[in-house]
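Let's take a friendly walk through this model, beginning with a helix and ending with its pockets.

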Amino acid sequence: MSDNFFELLQAPEPLKIVGTINAYSALLAKKNGHKAIYLSGAGVANASFGLPDLALTSRDNVVEDLRRIKGVVDTPILVDCDTGWGSGLNISKTLKEMISAGADAVHLEDQVSEKRCGHRPGKEIVSEEEMVDRIKAAKDSITKKDFMLMARTDSFSKEGINSVIDRANAFIEAGADSIFPEAITKLEDYSKISENVNAPILANITEFGLTPLYKADELKAVGVKMILYPLSAFRAMSKAAEEIYIALNETNSLEKKLKKMQSRDELYDVLNYHMYEKKIDELFSKE
C-alpha cells in the first residue's frame, strides 16, 4: 500500500477518499480495499458529540478521533482541520498535533472562525491575505515527509469561479500542495479550475449538498484528481440504525431484520478477533 497521498495521485484514475467516522469504519474501509480515508469535521461533531457542524468542536476532539483511527489502520488519512482553530501559533500547534496523531494530509479552509457547513447558506470567508497567512503558518510547521497540505476555498458561492482560481493560485504560492474548491455546481467549473491551477484538485461529492453526484469518469474528464465521499457510509449507517430502533418499537422481534445486520462472524473477521483470542490462549494456557 502506498503510504502517502503524493504516491497515490500517480495512478491514472482519480483517488477516491472515503469518510471514516471512527476506528471501526476505518477497518471496514481498509478491508474493502480503499487506499485513502478521511476524518470529517462534521463527522466528529455529528457522530462523536451529537452536534451540528458549526465550529462547536475543538482541535483536541478531532485529534482524539484521529488517534483512535490511526491506532488500528495504516491507511493514508486526510483530516479536516476547519479554519485551523486560531491563527499563527495556534495553526502551527494544530499541524504538529495532527502529525503526531498520524495525519498524512490536512485541509484548512478560508471561512471565518465561526464557520458553517460548506453546503449551507450564510457562509462568510476571510480575505485572501488572511488565508495565505494560515497556509504559510501551516506549511512552516510540517515536519513529516510527504505530508500533503490542502487548501479549501469556500469562495465559489460568495465570489464566483474567478475568485476560486485566484485564491487557489495564491494558496499554492503560499505552500499548499492541493486545492479543495467547495460547493462547485457544474463540471465546467471544475474544468476551469484544473486548467488554471497547477495543483491536484479535489471534488467533494457529498450527498444532499450543492454539488451534483458526479461520477468518477466525469470528474476525471475535467481534471479532478481526488474525489471525496466524506459522510456516505455514516449516512447509510445512521439510516440503518434508525430503522432498527423504529422496528424495536413496532415489533416484538428483529428476526426479519437479521439479513440487514452484520453477523458476529463478519464482525470478528474485521476485528481479527480470533488472532487476539489465540494470543490470550497462548499467554495464559497452562503447560
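Here is a tour of one helix and two pockets.

This is a predicted model, in which local features need pLDDT of at least 70, side-chain atom pairs count only at pLDDT 80 or more, and totals for chains, interfaces and linings use all residues. Residues are numbered from 1 along each chain as its sequence is written, and side-chain values use heavy atoms, with hydrogens and water left out.

Start at helix 4 (residues 59–70), whose 12 residues reach 16 Å from first C-alpha to last, close to the 16 Å expected at 1.5 Å a residue. Helices here are DSSP runs of H or I with at least four residues, strands are runs of E with at least two, and both are numbered from the N terminus. The expected span is 1.5 Å times one less than the number of residues. Among the buried residues of helix 4 (under 20% relative accessible area, 1.4 Å probe, protein chains only) are Val 62, Val 63, Leu 66 and Ile 69. The partners that the buried residues of helix 4 pack against (heavy atoms within 4.5 Å) include helix 2 (23–31) and helix 5 (89–101).

Now look for the pockets (open sets of points on a 1 Å grid over the protein atoms alone where a 1.4 Å probe fits, with protein on both sides within 12 Å along at least five of seven lines; lining residues have an atom within 4 Å of a point). The largest has a volume of about 580 Å³, taken as the space filled by probe spheres set on points joined across faces, edges and corners. Closest to its centre, of 20 lining residues, are Tyr 24, Leu 28, Ala 233, Ala 236 and Met 237. Helix 11 gives the largest share of this lining, six residues.

Terms used: Buried means under 20% relative accessible area, exposed over 50%, partly exposed in between (1.4 Å probe, protein chains only).
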